[in-house]
Every structure is written in C-alpha cells, then in structure tokens.
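This report describes a single protein chain, its sheet, its core and the surroundings of its ligand. Please keep the sequence and the 3D view open while reading.

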Amino acid sequence: MSIRFDNRVAVVTGAGGGLGKAYALLLASRGASVVVNDLGGSRSGEGQSSKAADEVVSEIRNKGGKAVANYDSVENGEAVIKTALDNFGRIDIVINNAGILRDRSIARTADSDWDLVHRVHLRGAFQVTRAAWPHMKKQKYGRIVNTSSVAGIFGNFGQANYSAAKAGLLGFTNTLAIEGERSGIQANIIVPMAASRLTQDILPPELFDGLKPELIAPVVAWMCHEDCPDTGSIIEAAGGWAGKYRWQRSQGTLLMDDLSENITPERVRERWAQIVDMQGGDFPTSNQGATMDLVGKMEKLTSSP
Ligand code: NAD
C-alpha cells in the first residue's frame, strides 16, 4: 500500500525553498493539501517577498496538486494556520521548518542576532504549533515535525544563537509528545543535512551536490503519516541515510557511603571517573523513568546499614 495523505491538510513553514520546498512537493504529490508558508526574506532574515512561496504553489498546482501560499512570518502563527483553515477547513500536519542563520562567535553576537534567530526557529515553531493545537486536539489527530540540527545537539563554533534555539526545539518537541499523547497528536524532530542556501558555504563542495533535500523529504513524509508509530523521536537524515538519537545516562555512583557522611568536593573528585563512566549506562526515555531510576539508586543509600 502506498503512503498517501488524501484529505490531510499540511502546513510547511519556510517551504519556498530548500528542505521545506521538497517536503511540500512530496506531500502534495501524495494527496495532501498544502499551505506553502514562506516569508521570502534573505538567509539572515531581512526583507520579504511572495515570490518563493508562489513559485512552489504553482509547481504543485501544475502537477495537479492542491496548495495555497502564505507569506506571514512564522512569528505570526495564527495567520499561518488560518490560511489552512480558511482554504482547506482543517489542519492535520505541521512541519516547522522555517529558518535563518546569523552566525557569529559568542563575543560578536548582538542582541538582534540572538533574538531574531530565536524568534524564527523557536518562538516561530511555538506560535504555529499553538495555533494548530486546539484544532488537532478537537479532531484527536495531529502530526508535528520540528526541525533541529546537529548544532543543536552538539553545538557548533559561531552558532551560539542557532544551536541554543535548535536545542530548545528538542525540549519543546518532547513536551508536545507528552501533551499530545491522549489526543492522537504526535511530535517528532528531524535533524537534516542538505544542500540549501543555508549550507552552501558551510558544507564541503564535494558533499554539497550529493545532499539533496529530496533525499530527506521521504523520511519527513513518513514521520507525518498516520501510520508512523513514533512520538518524541529525534531522527537524523542526510544523503540517503536515516537514524535515531537517544539519551544515555551513566550508572553514576553514590557520593556517600552512608547518610552520616558529608559530600565534599574532594569526594566528587575521587569518584569523578565513576560519575562520567558511560560503560553500562542506561537509556532513560522519560522524565518519570529517569527520576524513578534515580530514586532507586538513592534508596540503596537510605537502606544501607
Ligand atoms: P532555506 O534557507 O533554503 O529554507 C528556509 C526557508 O525559511 C527559506 O525559504 C526562508 O525564506 C524561510 N523563512 C525564513 N524566515 C522565515 C519566517 N520568519 N517565516 C517564514 N519563513 C521563513 O534553508 P534549509 O536548509 O532548507 O533549512 C530548513 C530548515 O532546516 C531550517 O530550520 C534549518 O535551520 C534546518 N536545518 C538545515 C540543515 C541543512 O543542512 N540544510 C541542517 C540542519 C538544520
């Protein structure tokens, strides 16, 4: 059975180019009605234009698909979602993909560099998602894909603003997955690597040509589908490969031998190698699971003679 999105309505933010365009084209080719959102500004977030979104809408329509343009900034999430509701009557899928870069080393990062990057990536995803949420909740169905980055997971020189926003999206998505669970709303993260205007001077030229956004779009499409079982997952995709990240916590060690002892910095130094030894570490998947496991470890201390 082929993967279809008939009768589903999708909003793809930043869909005027790069990855978002590939997502919009693929979803529309599989039957979805798509809102092609794009502010049409520069790579660093200046200016605006309707051209990018219009061209993608034309391409979809010329191929027989259903699409409508929206030119609002994702900071105005209500207007983005209203376009879906006004034109197609519902909202099933949100792909928060819009993004800009203002790379500077930390000392050179101006307030405006920090704020605009956060407003587009993190606050924008929040605004669009919050606007869609009550509709998804009411219909007991929704699929949300947020866009992070290896910079958000590991950091990257010159990207304090971007990596902080992208890491924020990890926490945001985990909470959406928890809050959406009872309402049939699933939220996941895509960590892409693809040739686009954002990466044209970052990726090595020999890699650039092979990293087509079209190689990532099928992964994101599946993550938006009703049959995809995952929620709260971080999926990385690039150049025809896809995989998943997870957290690992070391077994750690108790810092006291019994409750009468004080913990000193010297004791922490003494046990540091055990604290950071990842051998035999576990992989907590929830707040509760991680906390209960910790409580179990602490109980060993209180129950010791
Ligand atoms: P891109 O520049 O081609 O696409 C981003 C789009 O977002 C642009 O069309 C832009 O006009 C639009 N946009 C910017 N600000 C907007 C706003 N306020 N409102 C609405 N639209 C806005 O870049 P891309 O590489 O396709 O990036 C897509 C997403 O993937 C971004 O979130 C980016 O951070 C993320 N990402 C990309 C890579 C990569 O390798 N390309 C790696 C990690 C993460």
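## Report on the chain

Asn 7 lies in the segment before β1 (9-12). In this predicted model, Asn 7 has a positive phi of about 65 degrees, although it is not a glycine. Asn 7 is exposed, because 11 other C-beta atoms lie within 10 Å and a residue counts as exposed at 12 or fewer.

Lys 140 can be read alongside it. Lys 140 sits in the loop between α4 and β5 (142-147). Its phi is near 55 degrees, a positive value in a residue other than glycine. Lys 140 counts as exposed, since it has 10 C-beta neighbours inside 10 Å.

A further loop residue is Met 278, placed between α9 (265-275) and α10 (287-303). With 9 C-beta neighbours inside 10 Å, Met 278 is counted as exposed. Leaving aside neighbours within four places in sequence, Met 278 is in contact with Gln 248 and Ser 250. The C-alpha atoms of Met 278 and Arg 249 are separated by 7.1 Å, with their positions 29 residues apart along the chain.

The table sets out these exposed residues.

| Residue | Place | C-beta atoms within 10 Å |
|---|---|---|
| Asn 7 | segment before β1 (9-12) | 11 |
| Lys 140 | loop between α4 and β5 (142-147) | 10 |
| Met 278 | loop between α9 (265-275) and α10 (287-303) | 9 |

### Overall build

The chain has 305 residues, of which 40% count as buried. Its secondary structure comes to ten helices and eight strands. The C-alpha atoms fill a box of roughly 75 × 45 × 35 Å, taken along the principal axes. Of the contacts with a separation of 6 or more, 68% are between residues 24 or more positions apart.

### The sheet

In what order do the eight strands of the open sheet lie? The order is β3-β2-β1-β4-β5-β6-β7-β8, and the pairing is mixed. β3 (66-70) and β8 stand at the edges with a single partner strand each, so one side of each is left without a neighbour in the sheet. Neighbouring strands are turned by 20 degrees against each other on average, direction ignored. Strands of a sheet pair through backbone hydrogen bonds, in either the parallel or the antiparallel sense.

At one edge, strand β2 (residues 33-37) pairs with β3 in the parallel sense over five bridges. Within this pair, Val 36 stands opposite Ala 69 in β3.

Towards the other edge, β6 and β7 are also joined by five bridges, in the parallel sense. Pro 192 has Ala 237 of β7 as its bridge partner. On its other side, β7 is joined to strand β8 (residues 241-245) by five bridges, and these two strands run antiparallel. Ile 235 stands opposite Lys 244 in β8. The hairpin of β7 and β8 has two residues between the strands, and in this hairpin Gly 239 takes a positive phi near 50 degrees.

Is strand β7 enclosed or open to its surroundings? Strand β7 (residues 234-238) is largely enclosed by the rest of the structure, because four of its five residues are buried.

### The nonpolar core

The largest nonpolar core has 77 residues. Those with the most contacts inside it are Ala 10, Tyr 23, Ala 24, Leu 27, Val 34, Val 36 and Val 220. Helix α4 (residues 111-139) gives the most to this core, with ten residues.

Val 34 shows how parts of the chain meet. Leaving aside neighbours within four places in sequence, Val 34 is in contact with Ala 10, Val 12, Ala 24, Leu 27, Ala 28, Ile 60, Lys 66 and Ala 67. Val 36, also listed for the core, is the residue that stands opposite Ala 69 in β3.

### Around the ligand

Which residues are closest to the ligand? They are Gly 14, Gly 18, Ala 98, Gly 99 and Ser 196, out of 33 residues that surround it. By type, the shell divides into eleven nonpolar, 18 polar and four charged residues.

α1 (18-29), α4 and β6 (185-193) each supply at least two residues of the shell. α1 gives the most, with three residues. Two of these elements appear above in other roles: α4 gives the most residues to the largest nonpolar core, and β6 pairs with β7 in the sheet.

Methods
Residues are numbered from 1 along each chain as its sequence is written. This is a predicted model: local features need pLDDT of at least 70, side-chain atom pairs count only at pLDDT 80 or more; totals for chains, interfaces and linings use all residues. A nonpolar core is a set of buried Ala, Val, Leu, Ile, Met, Phe, Trp, Tyr and Cys residues joined through C-beta atoms within 7 Å. A residue is buried if 20 or more other C-beta atoms lie within 10 Å of its own, exposed if 12 or fewer, and partly exposed in between; C-beta atoms are placed from the backbone. Two residues are in contact if their C-beta atoms, placed from the backbone, lie within 7 Å. A residue is near a molecule or strand if its C-beta atom, placed from the backbone, lies within 6 Å of it. Ala, Val, Leu, Ile, Met, Phe, Trp, Tyr, Cys and Pro count as nonpolar, Asp, Glu, Lys and Arg as charged, and the others, Gly among them, as polar. Two strands pair if DSSP finds at least two bridges between them. Axes are lines fitted to C-alpha atoms, for helices over the stretch in contact, and angles run from 0 to 180 degrees between N-to-C directions.
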